[in-house]
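Me: Let us go through this model by question and answer. Please keep it brisk.

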Amino acid sequence: MIDPKLLRSAPREVAANLARRGFVLDVEALTALEDRRKIAQVEADRLRAERNAKAKQVGMAKGRGEDVAPLLAQGERLAQELVAAETAINAVQAELDVLQLNLPNLLQESVPDGADESANAELRRWGTPRSFAFTPRDHVELGENLGRGMDFEAGARIAGARFVVLRGQVARLHRALGQFMLDLHTREHGYTEVYVPYMASPASLRGTGQLPKFEQDLFAVHGEQNYYLIPTAEVPVTNLVRDQILEAKELPLKFVAHSPCFRSEAGSSGKDTRGMIRQHQFDKVEIVQIVEPDKSRAAHEELTLHAEAVLQRLELPYRVVALCAGDIGNASSKTYDIEVWLPGQQRYREISSCSNFESFQARRMQARWRNPATGKPEPLHTLNGSGVAVGRALVAVLENGQQADGSISLPAALQPYFGADRIGV
RNA sequence: GGAGAGGUGGCAGAGUGGUCGAAUGUACCUGACUCGAAAUCAGGCGUAGGUGCAAGCCUACCGUGGGUUCGAAUCCCACCCUCUCCGCCA
């Protein structure tokens, strides 16, 4: 959430920033609500102070053995007034909470203007898309021909549309990719591997910003407790620091987790219906950093390079784009997408998204650090990025490494994990 | 799944209806003593909201949410979590 003090003291500046996203903040309504809250709170506080004083008098009078009946009557009247005052303040506060929890994050000034992905700014490219002496096939065709290694029909039979079954060498390659990424980030980039729950509480999802606004994107588990399947390991991993006050010497925290991700893809019907690009369930290796506020921008650049390193080792051509104001995620202050080249589609497709949330998630989570400069607990900054999406990496390795006969040549970095240098037909 | 115990400040731990935001110990910070340190002594030391130029003052918070009461850490109800024992289980 946005710093409530900033929202109160500079609502017009906040509104101007959010307007870049196309978000309309009604400053008049906000200010009016804030004024009402203040009046209601002062009144409730006053009544409570009076009630407390009165209650104290009752105690003292009883101690002296005096008649307390008149005091009790006054107290009762105050209690009634207080009920009304508290009802009023609770109602206003609830309205304010809803408003605040639904505000997107402030954008960094360097975020490019623009309404949709066509305005995203390409920052750099790495590698050269291979030229083929034959028409490259897409991963669906390649996967099916590798001993029915990619079976969408089976996935649909078991669960429904947007699920897949991997078999044999393709399943093994999928596993190898995850292992390779975890090792790279733990051994060379300084991340600590964590294994986390794949279901999370509403409080955790509120912390990272999926709730209350994006419930339709989640799979809810119905039972005695309200769990949701995680849409990304960002949720459990970032919530490691929820309700914590960290010491400066513990920072930065760097975590990596390999997990399945579950997304309902509501609103995406008709998009990417073919293949593994957009599934209800997919694996992802996620990297998360928890840092001091002053260091988050540098950490964002570093974390993005860590994700890029995965693609470089896999010899996959990619480009990095800065998402424009209209395309950036609700909770993010700035996002870089890494897009991998897919010969089957003859274009770059997102394979990683690296975001700096600054204090947006930390405020919702009450994740703080004790700033030595002030001695006070202050919100941390949180960042995360895919390092990278395993399913899409599988797609990219298959499509980029394909040979005329349908076999797949594997990058050197993957061979020790897979146990061979190619996948035969 | 059954039975029981318990959740209080960084930690430990008192508090079973009334000057309790909470004793005490410990950790930490400042000062005194010391060449320095330890020990000792004195003081300070939670989070958040409101108000004030400021000192300060007011309010909320004792797992969470309700309730009873003039007044709740304390009584009642529900839920969550932890621990012990029994059963079951990968």
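Reply: A polar contact is a pair of N or O atoms within 3.5 Å; within protein, one must be able to donate a hydrogen and the other to accept it, and residues adjacent in sequence count only if both atoms are side-chain atoms. This is a predicted model: local features need pLDDT of at least 70, side-chain atom pairs count only at pLDDT 80 or more, and totals for chains, interfaces and linings use all residues. Side-chain values use heavy atoms, without hydrogens and water, residues are numbered from 1 along each chain as its sequence is written, and chains are lettered from A and ligands numbered from 1 in the order in which they are written.

Me: How far is a phosphate oxygen of RNA strand B from an N or O atom in the side chain of Arg51?
Reply: The pair joins the side chain of Arg51 to a phosphate oxygen of RNA strand B. Lys38 also places a polar side-chain atom 3.4 Å from a phosphate oxygen of the strand, and Asn52 does so at 3.4 Å. For Arg51 the distance is 3.4 Å.

Me: Which helix gives the most to the surface near RNA strand B?
Reply: A residue is near a strand if one of its heavy atoms lies within 4 Å of it. Helices (H or I, at least four residues) and strands (E, at least two) are DSSP runs, numbered from the N terminus. Helix 1 (4–9), helix 4 (69–101) and strand 14 (368–370) are among the elements that each supply at least two residues. With 14 residues, the top contributor is helix 3.

Me: How many charged residues does the surface near RNA strand B have?
Reply: Asp, Glu, Lys and Arg count as charged; Ala, Val, Leu, Ile, Met, Phe, Trp, Tyr, Cys and Pro as nonpolar; the others, Gly among them, as polar. Eight residues here are nonpolar and five polar. The charged ones number 11.

Me: Is Glu339 buried or exposed?
Reply: Buried means under 20% relative accessible area, exposed over 50%, partly exposed in between (1.4 Å probe, protein chains only). Glu339 sits in strand 12 (residues 334–342), and its side chain makes a polar contact with that of Arg319 at 2.7 Å. Because its relative accessible area is 12%, Glu339 is buried.

Me: Why does Cys324 form no disulfide?
Reply: A disulfide is a pair of cysteine sulfur atoms within 2.5 Å, and the whole structure has zero. Cys324 is buried, at 0% relative accessible area. The closest cysteine sulfur, in Cys354, is too far for a bond, because the distance is 17 Å.
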